[in-house]
Amino acid sequence: MTPFLIVSTCIFPIILSAEVPDKHCEESAVFIAIQRETPIINPTALRLSTDVFNGPIHHHMELHPLLVKITDTPQFQRLRHIKQLGGTYLVYPGTSHNRFEHSLGVAYLAGCLVKVLHDNQPKLNISEQDLLCVQIAGLCHDLGHSPFSHVFDGLVIPEVQKIKQSKGLPDDIPEKWKHEQMSVQMFDDIVKRLKAENEDVLKEHGLDDEDVIFIKELIEGAKTSEWTYKGRDADKSFLYEIVANKQNGIDVDKWDYSARDCHHLGIRNSFDHQRLLKFARVCKVNGRNHICFRDKEADNVYDMFRTRYTLHRQAYQHKICNIIEDMFDEALVRADRDLHEGKPEDMLKISEAIKTAEDYSKLTDEIFEQISSSTSDNLKESRDILNKIVRRKLPKFVGEARLTEKNISKEELKKTWKAAVQKYKPTDPTVSLNADDLPVYVVDLDHGMKEQNPIENVYFYSKRKPNEASAIKDYQLSSLLPKRFNEELVRVYYKRTDGNKEEMKKVEEAEKCFQIWCASNFELH
């Protein structure tokens, strides 16, 4: 039996030999590795007590005291006021969960994965500092999210940039601004504030400025094949694949939201992250250390990517969710004072809030109520849009089709649809259709890597050769896997929201026009 060192409420295995210990993930926030070639961790760490967070997905999660300090900052607490799935909550009423609980889950799973790798492969020389940094990155990876989650960086910011360009307004927004960049900025602000209270707060937990750089690099992920990162040397490149894996998309962020979102949506999750965790192992492939998995787990890995597709198809890109989030986008853009001369004081600081962490901290889902309860004339248009959402006065869904013809642009689709509407002769002579009232949307769905089979970028090892990994062979995969891994959906809505009989007649005629368009030579079914 492996002897244990019992300190306070935590139990730590002492590794006395080179044998592989039990492959399990201890639910402990403090991590100790005692080996012949590894120095004993600072005894101060042993006296640290952990806080336990209980939840419906991972149940009892113990977090390191430094992580708890981070959760107790205003920058992190704001995540309680940002729903994980944005507008999806207005379609699936069970999805009231938020970015706060998701971030706790990612931090916990990050710790579990690091511990499994350490326990199974002591020669990786994973330190307590490595563990702590990866957990902090998992905890802070979503600090940069804003109202309605992906609506802000996916819709609002790009739309604001277009408007600024068309109006000739100054545009100092980075070209490809993403919430990860803001997560780093918010994390910097947290570190600054913690140090203002206690200058040695990081040092007391064994961290230094190089570790802060490492955490920020982990949040953004390693995107290049050439090693240019400063937080850790290339021999620990595998640590960069835990929170935000830019190599193949297998990371603990995805593990948590797959389990959590399926739970709250009521959608079955066929992916078993707990099992995959036990078969994680670091192997050197093409000169770089990567996290790899047992070959027999290939189907489980595919289930992870398939679950991602299912979540997008059934929930994230649901036809009503999409149109609600489009309305959120329009309301926020119209309320943005930065798009108006003089920046009226009775409008809201929205796009310009990304310039400082202090302003950005004020952006949460509560902006919905802020606009709805305002009496400002400048916010009337935004207020009316949100009022339509509340009263369910939404654009009417006309139809959806799967696009099978490749390389057809959205502009070409809109052009052919407009021509089809103009050509169409309504069966009801009292009805006339206007293409401007029938916008076309194109929804991209895939398994995480566009048209590519995501399994091709995952490395697997065998039981007999645990230190050698390679891409899985086709004959080792199920013959029932799809031949295509992405698709485009074309959707048309009728944007008038009156809902009277005349408008409903137009919707019926639009549906007939849409069916004719789908049966045309554009190969839409």
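Me: Which residues form one aromatic cluster?
Reply: This is a predicted model, in which local features need pLDDT of at least 70 and side-chain atom pairs count only at pLDDT 80 or more, while totals for chains, interfaces and linings use all residues. Residues are numbered from 1 along each chain as its sequence is written, and side-chain values use heavy atoms, with hydrogens and water left out. Rings of Phe, Tyr and Trp (its six-membered ring) pair if their centres lie within 6.5 Å, with planes under 30 degrees apart counted as stacked, over 60 as edge-to-face and the rest as tilted. One aromatic cluster is formed by Phe-214, Trp-227, Tyr-229 and Tyr-240.

Me: How many residues does helix H3 give to the largest nonpolar core?
Reply: A nonpolar core is a set of buried (under 20% relative accessible area, 1.4 Å probe, protein chains only) Ala, Val, Leu, Ile, Met, Phe, Trp, Tyr and Cys residues joined through side-chain atoms within 4.5 Å. The largest such core has 113 residues, and Ile-136, Ile-242 and Trp-255 have the most contacts inside it. Helix H3 (residues 99-120; helices are DSSP runs of H or I, at least four residues, numbered from the N terminus) gives the most to this core, and its share is 12 residues.

Me: How far apart in sequence are the parts that the pair of Phe-152 and Trp-177 ties together?
Reply: Among the 17 aromatic pairs in the structure, the rings of Phe-152 and Trp-177 have centres 5.9 Å apart and planes at 75°, so this pair is edge-to-face. Both residues are buried. Phe-152 lies in helix H5 (residues 150-167) and Trp-177 in the loop between H5 and helix H6 (179-197), so the parts tied together are apart in sequence by 25 residues.

Terms used
Buried means under 20% relative accessible area, exposed over 50%, partly exposed in between (1.4 Å probe, protein chains only). Helices (H or I, at least four residues) and strands (E, at least two) are DSSP runs, numbered from the N terminus.
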